[in-house]
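Me: Please take a close look at one part of this model, the main nonpolar core. Then work outward to the helices and contacts around it.

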Amino acid sequence: MAGSPLRPGGGKELNRLFALLCGAVGETLGSLVGRGIQVRPGDGTVLDAEALAGALARPCAVARGALDKGYAGKLLLVLFDSADAVAMAGLLMMTPDEVVQQRRAAGTVEGEAAEAFAELGNVLFSGFGNVLRDNVPDADVRLQDHGVVRPGDDEKHLLGSGPLVALQFMLKVGDYPESTGHLVLDLATAEAWNKGPLGTVPEEQVLRAAGTAGARVEDDGMQDVPAAPIRGTLAAFVVQPEVFRMLRRSCRRVGLELRRHGKAEIPNPAAHRNEIVMLDVPPGEERRFDWCRRIKEFGTPTKVVLILLHPSRARVAQAFLSRADAIVGFPCDEQQLSQKLASMLDDEPVPTGVGPPAATS
């Protein structure tokens with residue numbers, strides 16, 4: 001099951017409750033570890049456990065809460081970047097800052113760090129229980145267990161099964177870099193808490209069901225582009241409409257089946273074997289470099305194209321370090337992009353230099 005973004009306004013009540021739970025994360029853990037913890041709610045996505053694990057950029061420590069009363073048998077999960085889980089555990093144990101830094105870099109949640117993380121989970125779910133009792137009839141929660149999930153690997157089935165709703169949040173512990181976490185519920189519980197169905201983006205549902213994501217009925221002069229025989233598939237994770245319009249023409253010209261993914265989706269390396277993945281990187285979306293690096297490190301024959309909006313020398317360097325197969329500065333000429341895509345299909349060495357916009361930055 002591919003991830004489907006929640007429709008704006010479709011989960012109003014759930015988003016309100018989610019914001020309260022995020023507030024509880026900052027308040028309970030911040031007071032416990034003695035550092036300021038900031039939490040910013042993000043977007044929600046409906047997906048399954050495999051897709052969620054595949055969407056993770058880094059290993060995550062998972063605290064699993066057992067719901068009680070009217071929701072007995074259901075789980076509420078919290079996923080923290082393992083580096084922040086280790087950092088919070090170290091702060092709880094009053095570990096010297098330099099040691100916390102070292103352990104945070106390693107990001108291994110085991111031994112005394114795992115025990116401290118369990119203590120954090122107990123206090124956190126106590127705070128969650130207060131939120132639920134005040135806002136959801138006949139609901140309570142307590143910590144059940146904890147573990148670690150790695151990108152693409154939920155070996156111990158910590159994430160559960162069936163359709164899930166993953167609500168993303170950004171977490172900043174003290175002066176450490178901000179990271180991404182998730183609150184996760186099964187879909188039925190999420191809709192009960194929402195007091196109604198959770199609508200996903202209709203366009204994404206239709207396109208995925210048809211297997212032709214990205215094949216809009218927009219003209220954009222497509223009839224003037226000669227259609228080459230299909231020779232491969234390109235998975236487009238692009239947010240800029242002008243990039244996608246150019247990409248449609250290039251794919252038609254070189255013979256690539258274009259599959260467009262939702263703006264809130266994160267590429268799952270295991271799902272794009274033998275495909276070309278395209279990511280556009282607007283300013284402020286540097287996490288997409290990490291997505292590229294994760295795809296390349298996964299070990300599958302997947303090629304990645306990065307489209308840099310407003311390229312600079314620093315961003316080009318980031319793209320090189322992320323091991324992209326091709327780097328293109330935008331705006332660029334459609335023929336330039338088409339040539340790079342064609343060279344990938346021909347299995348020729350792909351030039352990784354950017355076009356004129358990047359070269360003059």
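Reply: Start with Leu171. Leaving aside neighbours within four places in sequence, Leu171 is in contact with Val25, Ile37, Gln38, Val39, Phe80, Asp84, Met88, Pro177, Glu178 and Ser179. Leu171 belongs to the largest nonpolar core, which has 49 residues. It is listed there with Phe80, Met88, Phe128, Phe169, Leu183 and Trp193 as the residues with the most contacts inside that core. Helix α1, residues 12–33, gives the most to this core, with 9 residues. In soluble globular proteins, nonpolar side chains tend to be buried together.

A word on confidence. This is a predicted model. The mean pLDDT of the protein chain is 83, and 86% of residues reach 70 or more. Two stretches call for caution. Residues 201–220 have pLDDT below 50, yet the model gives this stretch 36 contacts beyond near neighbours in sequence. For residues 348–361 the pLDDT is also below 50, with 34 such contacts.

Now follow Met88 into its surroundings. Met88 is among the residues of α3 that meet α5. On the α3 side the others are Ala85, Ala89 and Leu92. On the α5 side they are Ala113, Ala116, Phe117, Glu119 and Leu120. The axes of α3 and helix α5 (residues 112–135) come within 8 Å and cross at roughly 85 degrees. That makes α3 roughly perpendicular to α5.

Ala89 shows this meeting at the level of one residue. Ala89 lies in helix α3, residues 82–92. Its relative accessible area is 0%, so Ala89 is buried. Beyond its neighbours within four places in sequence, Ala89 is in contact with Ala113, Ala116, Phe117 and Leu120. Ala118 is 29 residues from Ala89 in sequence, and their C-alpha atoms are 8.9 Å apart in space.

Strand β2 gives another link between distant parts of the chain. Leu47 lies in this strand, which covers residues 37–47. Leu47 has 7% relative accessibility and therefore counts as buried. Leu47 and Ala166 are 119 residues apart along the chain, but their C-alpha atoms are separated by 7.4 Å.

Next, the other core. Apart from the largest core lies another, of 24 residues. Val243, Val305, Ala326 and Phe330 are among them.

Then there is a second helix pair, α8 and α11. Helix α8 covers residues 241–254 and helix α11 covers residues 334–345. They pack at an angle of about 45 degrees, with axes 9 Å apart. The two helices are therefore oblique to each other. The crossing of α8 past α11 is right-handed. From α8, the contact is made by Met246, Leu247, Arg249, Ser250, Arg253 and Val254. From α11, it is made by Glu334, Gln335, Leu337, Ser338, Leu341, Ala342 and Leu345.

Last, helix α9, residues 287–297. Its buried residues are Arg288, Phe289, Trp291, Cys292, Arg294, Ile295 and Lys296. What covers these buried residues includes two helices, α2 (49–55) and α10 (313–321). The cover also includes the strands β8 (232–237), β10 (276–281) and β11 (303–309). After α9 comes Gly299, with a positive phi near 95 degrees.

Methods:
Residues are numbered from 1 along each chain as its sequence is written. This is a predicted model: local features need pLDDT of at least 70, side-chain atom pairs count only at pLDDT 80 or more; totals for chains, interfaces and linings use all residues. Side-chain values use heavy atoms; hydrogens and water are left out. pLDDT is the predictor's confidence in each residue, from 0 to 100. Contact means heavy atoms within 4.5 Å. A nonpolar core is a set of buried Ala, Val, Leu, Ile, Met, Phe, Trp, Tyr and Cys residues joined through side-chain atoms within 4.5 Å. Buried means under 20% relative accessible area, exposed over 50%, partly exposed in between (1.4 Å probe, protein chains only). Helices (H or I, at least four residues) and strands (E, at least two) are DSSP runs, numbered from the N terminus. Axes are lines fitted to C-alpha atoms, for helices over the stretch in contact, and angles run from 0 to 180 degrees between N-to-C directions. Angles under 35 degrees count as roughly parallel, over 145 as roughly antiparallel, 65 to 115 as roughly perpendicular and the rest as oblique. A crossing is left-handed if the near helix is turned anticlockwise from the far one by less than a right angle, and right-handed if clockwise.
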